[in-house]
Structure formats: C-alpha cells, structure tokens
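Take a walk through this model, from the overall fold to its packed interior. Keep the sequence at hand.

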Amino acid sequence: MSGSGQSQFRCTQTPSKVLHLRNLPWECNEEELVELCKPFGKIVNTKCDVGTNRNQAFVEFVDLSQAINMVSYYASSSEPAQIRGKTVYIQYSNRHEIVNNKSPGDVPGNVLLVTIEGVEAGDVSIDVIHLVFSAFGFVHKIATFEKAAGFQALIQYSDVQTASTARDSLDGRSIPRYLLPSHLNECQLRISYSAHTDLNIKFQSHRSRDYTNPYLPVNPTAMEGFLQPAVGPDGKKKEFESNVLLASIENMQYAITVDVLHTVFSSFGTVQKIAIFEKNGGTQALIQYPESATAAAAKDALEGHCIYEGGYCKLHLSYSRHTDLNVKAYTDKSRDYTIQVPLPMQQTGGVPGVGYASSSAAQGQAPVTPVSSWDPPPAGTFSGQAYMSAPGNPQMGGTRPLHQPNVFPGGVSFPSQPRYYGS
C-alpha cells in the first residue's frame with residue numbers, strides 16, 4: 001500500500017456499502033460525489049454537508065462489492081481520490097444504509113413553502129403571489145408570514161403533481177418585473193415542499209386567502225390596498241396610514257387619564273375611542289378617529305410634543321394596525337364615545353371631564369379636579385413644546401369647554417368633520 005493511501009483509509013473497519021468521505025471542498029454537492037464514485041458502481045443514496053465544517057459526506061452503493069472495489073482501488077493507487085483538486089479521505093461507514101437523507105422540504109407534497117428573497121412584507125401582495133402560482137393550476141389557499149429567512153408564503157394546491165410542476169418551473173426564478181413595485185428590480189423565489197397538507201385559514205385578509213370558501217369572514221384589514229406600503233416619488237416606501245394612532249408617553253411626571261387624551265386629540269377631529277395600557281414598563285394609548293386623514297393630521301401636529309410644560313408627558317405617535325378598537329364604554333382606562341352617555345353616570349361623575357367642566361362646585365360639593373385645557377398647537381410650533389399647564393395650575397374657566405372639536409392647529413376648522421357620536 002502506498003504512503004499516500006495510508007492516510008486515506010482505515011483498514012480495520014468492517015466493510016459496508018456505505019462509505020464515509022472526509023476533507024471535502026466547501027459546498028461539495030451530490031453531483032460531485034456521484035461523479036467520483038460512479039466508476040465503481042451505482043450510487044443509490046447520498047448525504048452531503050455532514051460534520052461541524054460541513055466537509056464530510058456519505059455515499060451508499062447498491063451492492064457491498066462495489067463499495068469494496070472503490071476502497072481497494074484508492075488504497076492501492078498512487079493517485080488519491082480528489083474533488084476539485086482536494087484530496088478526499090475514504091473509509092467504511094459504521095452504518096449499512098443512509099436513512100432520512102431527504103429533509104421535509106424535499107419530500108413532495110401539495111403545499112409549497114415559498115421564500116421571496118430581496119423583499120419586505122408588503123412589497124409583494126398576496127394577489128401577485130396568487131397570479132404567479134395559479135398559472136400552474138387552481139390555488140386553494142395562501143398564507144403569508146415573516147420568518148428569519150425573510151418574507152414567506154405557503155401555497156396549497158389540490159394535488160402533489162400540480163405543486164411539483166409549479167416548484168420545478170418557478171424555483172430560482174424571479175416574479176415578472178411588471179408585477180413588482182418600481183423600487184424593486186427582481187425578487188427570486190426559493191421553493192421547497194411543506195409538511196402541511198391542508199392550511200387552516202380563519203379569515204380572508206391581505207395576509208391569507210381561502211379561494212375554496214367564499215363565505216369565509218373578511219378581516220377588516222383586507223380592504224383593497226390597506227396596509228400595503230405606498231411608494232413615494234423617490235422610490236422609498238412610505239409609512240402606511242391608519243385611523244388609529246398608537247401613542248407612547250414618556251417622562252410621565254403627571255398621570256395621564258382618558259380625559260386628558262381626549263382633550264388633546266379631539267382638537268383635530270372626532271375621537272371615537274380611547275384605550276390606555278401599560279407595556280414594556282411604559283404607558284401607551286390607542287386613539288381611534290373615524291378616518292385616517294384625521295389621524296394623520298393629529299400625528300403630524302402632535303409628534304414629539306409634550307402635554308404639560310417642562311417637558312412632561314412627551315408624545316411619540318405611530319399608526320396602529322387596529323381599525324376598530326374593542327373597548328369597554330366607561331372605565332378609567334378606556335372610553336367609547338360612540339355610545340350615548342347615560343345621564344345618571346354624568347351626574348355621579350362616572351365620566352368626569354368629558355365635554356364641559358364639572359358643575360359640582362356650584363352645588364356646594366368638593367369640585368372634581370378639572371382636566372387642563374388644550375389649546376391646539378399654533379403654526380410654527382416645534383417638537384417638544386408643551387401646551388398644557390401642570391394639573392395644579394389649570395388654564396380653564398368654570399364653563400369653558402374642555403376641547404375644541406373640529407379645529408386644526410392655529411384654529412383652522414377641519415372640513416366636513418362630523419360631530420361626536422352620541423352628542
């Protein structure tokens with residue numbers, strides 16, 4: 001046996017029709033392994049990318065004698081086995097067959113797992129995905145989601161054959177350019193088989209569709225174009241707009257109540273609902289308007305401003321994915337202004353500070369602490385500027401309304417703004 005052969009083999013092992021190959025070049029594939037081994041017999045299975053460095057592999061011959069022939073040949077040859085000029089070390093494996101060689105993504109099924117590379121969620125709509133994959137047969141269901149691998153979709157066909165045809169035709173290709181937003185040049189499809197056989201779609205939306213069930217409920221966010229990012233003239237994706245604002249409040253020297261938020265946000269239009277909650281150690285609130293235009297006006301005017309002088313209760317605003325808040329009508333943390341306020345609740349202070357100041361002081365009772373008045377930010381104000389005095393120093397008279405609905409910053413009336421529900 002030659003010196004070069006000595007380092008390539010371990011001759012004390014029991015022969016097996018499965019050979020263990022080591023020291024393979026980076027990303028050595030199945031075709032390269034078969035090319036090396038096929039002079040000695042038929043290869044029935046392989047397993048690549050084995051080991052910590054993914055530089056090992058197993059090959060299985062159809063017959064034990066074929067594996068012995070390969071080992072014997074290179075053990076006695078002065079020329080070592082090589083792939084891409086790199087010496088490959090060969091030995092018998094302890095296993096007698098390769099099992100579970102195929103990952104779940106290689107086992108054919110009727111549901112495809114599609115990874116759309118180079119895009120973000122919203123760049124490619126579910127309708128575009130349906131158009132592309134329905135070219136190969138009837139698409140039953142689609143579900144899209146985001147994972148570490150990127151934006152992905154599950155596509156369900158009626159049978160394995162249709163799914164296989166779509167995979168073979170589309171894997172590695174790009175969605176046609178004319179179906180993509182202008183800021184995208186291409187987006188490649190990486191397609192494998194899913195272990196799913198029947199997707200559970202609970203409702204029709206911009207994220208999921210069941211084309212076999214026309215009676216499935218429609219999610220409110222499934223409206224045409226809703227939450228699909230728009231693209232500005234510069235080609236950059238614009239933030240989607242919603243009728244519900246998410247307010248994060250920092251530097252809370254003073255407590256923030258539903259009434260305070262109503263006073264602040266109703267300066268820009270009708271506030272329908274408010275919900276306050278704690279999250280990640282901070283105070284946040286959801287404020288619902290009838291339409292996104294009013295929410296956008298409030299967001300642009302109030303972002304970065306402080307509710308109280310001294311930099312207290314600073315607002316940071318973004319759009320929420322909610323469209324209709326499900327809140328309890330009258331609690332200390334939520335309010336639904338679309339429901340008529342019962343008179344007994346007004347008289348007992350069930351909703352203090354809503355509409356006008358409490359008149360309890362005139363009745364000889366201890367007055368309820370009024371909510372500080374909110375003057376809409378005048379033109380030319382800057383982020384961080386406060387518009388309320390501290391709670392101990394209110395700027396309001398006993399009969400002054402706590403809010404000025406339908407008014408823009410600077411006192412400009414908001415066009416065609418409906419009155420409060422229930423007023």
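How many of the residues of helix H6 (residues 258-265) are buried? The count is 8 of 8, so by the definition of buried (under 20% relative accessible area, 1.4 Å probe, protein chains only) H6 is mostly covered. The run holds Val258, Asp259, Val260, Leu261, His262, Thr263, Val264 and Phe265.

This is a predicted model, where local features need pLDDT of at least 70, side-chain atom pairs count only at pLDDT 80 or more, and totals for chains, interfaces and linings use all residues. Residues are numbered from 1 along each chain as its sequence is written, and side-chain values use heavy atoms, with hydrogens and water left out.

Now the whole chain. The protein has 8 helices and 17 strands, taken as DSSP runs (helices H or I, at least four residues; strands E, at least two) and numbered from the N terminus. Of its 423 residues, 43% are buried. Contacts (heavy atoms within 4.5 Å) between residues at least 6 apart in sequence join residues at least 24 apart in 68% of cases.

Back to the interior. The largest nonpolar core (buried Ala, Val, Leu, Ile, Met, Phe, Trp, Tyr and Cys joined through side-chain atoms within 4.5 Å) has 28 residues. Ile256, Leu261, Phe265, Ile274, Ile287, Tyr289 and Ile307 touch the most other members. Elements supplying at least two residues each include H6, strand S12 (244-250) and helix H7 (292-302). Phe265 touches residues including Leu245, Ile287, Ala298 and Leu317, leaving aside those up to four places away in sequence. A second, separate core of 27 residues includes Ala166, Ile175, Ile191 and Tyr193.

Methods
Buried < 20%, exposed > 50% of the residue type's maximum accessible area, 1.4 Å probe, protein only.
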